[in-house]
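Reader: I am new to this structure and would like a close look at one part of it. Please take me through the empty space inside and what surrounds it.

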Amino acid sequence: MKPVYVLGVGAHPWGKWPQKPQVTLALDALRAAFADAGLGWQQVEGLVAASSRFEGGMGWGLHANEIVQTVSEQGIPCINVGGACAAGAIAVQTAWAMIASGQHEAVAVVGAERMPKGFIPRPPGSQDDIGDSDYLRWVAMGATNPAYWALEAQRRFHEFGTTPETLALAAVLMRNNAAGNPYARYREPLTVAEVLASPMVSDPLHLLQICPVSDGAAALLLGSERFLDRVARDPVQVAGCAVGSGQFGDPARRIPTIANNVLPGVAHTSEVVGAVQRALGMAGIGPGDVDILEMADNSAWHLLAWPELFGIVEPGQSDWMLAHGRYARDGDLALNPGGGFLSFGEATTAQAVLQVCELTWQLRGEAEGRQVSGAKVGLSAVLGLGANGGSVVLKR
Amino acid sequence: MLDQTSFVVDGLMVEGPDGARLCASVCDGCGTVYFPRPVSCRNPECSSKALQDRLLEGRGTLYSFTIQRYQPPALFRIDNWAPYALGLVELPEGIRVMGMLSGFDLDTIRIGERVKLVSECLFTDPERGRVMTYKFAPDISGRAPR
């Protein structure tokens with residue numbers, strides 16, 4: 001396989017953008033990524049888009065096609081990938097493979113989203129019967145997404161003695177990290193007392209410990225060695241990338257199912273753990289070598305659990321790490337140094353692309369206002385509906 | 001019609017002489033028990049994938065819980081909404097099942113408590129009568145699980 005490099009990255013700030021259609025957000029992010037790389041559409045040999053079900057794509061998730069038809073009809077392959085909240089990572093994996101195989105020299109990746117307000121609605125065409133888990137969880141018990149994360153958090157309180165204050169500290173860290181990040185939506189610093197004073201949504205999770213939804217877009221340009229001399233800086237290499245799906249017997253409470261079979265020895269959140277392990281293996285590094293972890297913090301609980309699931313720290317050790325500043329930007333592991341989902345709000349299909357943008361800025365030393373000093377290895381991890389996991393390892 | 005009862009969704013549960021039961025399946029090939037009834041056995045080690053219907057008594061232990069402080073969106077119908085507890089229950093068949101909790105004081109729920117399955121009315125509808133769902137309630141019978 002041929003080595004693959006990140007030639008350029010770009011993003012549109014996260015927020016609510018009612019005046020900007022999703023395709024406009026996507027084009028803004030792509031323009032920024034191309035400018036960053038010093039390249040243009042003329043050099044792009046393929047476009048991979050993370051497909052949204054909320055807007056655009058001609059109703060079929062054809063977002064890449066929509067983009068080239070809008071801005072540059074040049075006959076390149078347009079590949080549209082599904083994967084819900086993990087779609088961005090699957091798009092990166094697809095573009096990586098197109099270049100690593102030697103078939104193409106430069107491929108762009110984009111994820112752009114404008115999220116509907118409130119709870120994410122069921123897709124059109126869903127069946128109102130027991131075969132549809134999303135229907136069943138609502139009618140039988142009214143289980144919201146935060147309820148699933150809350151069940152995990154409550155169990156952690158029981159197993160490891162995690163306190164409400166420590167869980168709140170995770171949300172505080174994300175806001176501190178976002179304070180200087182121009183792409184983050186929520187940048188006002190928070191205190192533990194403010195987090196604990198926010199409304200209780202699903203015990204033990206308060207409102208400020210649950211990620212909201214936002215609009216946003218992110219784009220990358222990946223390329224082969226041929227373009228390295230065009231990139232006048234330390235090259236960032238895609239050292240590993242992988243996607244995975246869930247394992248039978250996984251104990252995680254998978255949205256939107258109401259029950260699962262639990263088998264001993266199967267990893268919790270196996271779709272993500274499997275992807276992380278394969279990506280690290282491909283890069284030839286261990287979990288202890290990771291300087292920065294960009295992970296999907298749908299809730300404050302995820303920030304404690306995931307570094308343990310990936311083997312970066314021991315089970316139950318995250319509380320101590322967090323309380324002692326070891327997950328801060330100047331700690332042993334910089335955890336979501338840009339602020340994470342809690343400070344961005346989730347723009348589903350764009351989120352995993354943004355993770356790779358942030359890692360690139362960090363590894364280049366260009367993460368103004370939020371820089372982790374001397375970082376050499378960055379790991380991303382994301383989970384999507386349908387038990388989709390994705391992970392990317394970047395190295396400088 | 002108000003004296004009739006129905007369940008929130010067909011195929012979820014039954015109400016027999018011994019009380020409520022969950023509609024589950026067991027795989028003849030690998031012995032895995034599934035709830036709700038799946039289209040196929042999901043065990044990658046199993047090549048038989050021959051499912052048979054089975055009813056679950058629903059006695060187990062509370063693995064985790066949460067309190068829903070906000071009313072869920074409209075697909076969830078409930079009369080007299082108030083915050084309620086949701087539990088995750090470990091059943092002896094190797095399954096963890098989510099369900100509403102009944103008969104608990106919201107401030108004193110403890111992981112590890114023994115629970116049993118009950119059937120309770122969620123809402124009353126002019127067409128469907130009393131619409132029932134399953135819940136888990138404290139098991140004070142002292143009976144050991146199957």
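**The enclosed space**

Author: The largest cavity is lined by A:Asn181, A:Glu294, A:Met295, A:Gly338, A:Gly339, A:Gly340, A:Phe341, A:Phe344, A:Gln351, A:Leu354, A:Gln355 and A:Glu358. The model is a predicted one. The space in this largest cavity comes to about 80 Å³, and the structure holds three cavities of 30 Å³ or more.

Several elements of chain A take part in that lining. Strand 10 (292-295), helix 11 (340-344) and helix 12 (348-364) of chain A each supply at least two residues. Helix 12 of chain A contributes the most, with four residues. Sorted by class, the lining of the largest cavity consists of four nonpolar, six polar and two charged residues.

The second largest cavity holds about 70 Å³ of space. Its lining is made up of A:Gln22, A:Val23, A:Ala26, A:Ala49, A:Ala50, A:His63, A:Glu66, A:Ile67, A:Val110, A:Gly111 and A:Ala112. Here helix 1, strand 2, helix 2 and strand 4 of chain A each give at least two residues. By class, seven residues of this lining are nonpolar, three polar and one charged.

Helix 2 of chain A, residues 63-71, can be followed further. Its buried residues are A:His63, A:Ala64, A:Glu66, A:Ile67 and A:Val68. Among those lining the second largest cavity are A:His63, A:Glu66 and A:Ile67. In an α-helix, residues three or four places apart point the same way, because there are 3.6 residues to a turn. The cover over the buried residues of helix 2 of chain A includes helix 1 (22-37), strand 2 (47-50), strand 3 (78-81) and strand 4 (106-114) of chain A.

Terms used: Residues numbered from 1 in each chain as written. Chains lettered and ligands numbered in written order. Predicted model: local features only at pLDDT ≥ 70, side-chain atom pairs only at ≥ 80, totals over all residues. Heavy atoms only, no water. Buried < 20%, exposed > 50% of the residue type's maximum accessible area, 1.4 Å probe, protein only. Contact = heavy atoms within 4.5 Å. 1 Å grid on protein atoms, 1.4 Å probe; cavity = no way out; pocket = protein on both sides within 12 Å on 5 of 7 lines; lining within 4 Å. Points joined across faces, edges and corners; volume = space filled by probe spheres on them. Nonpolar A, V, L, I, M, F, W, Y, C, P; charged D, E, K, R; others polar.
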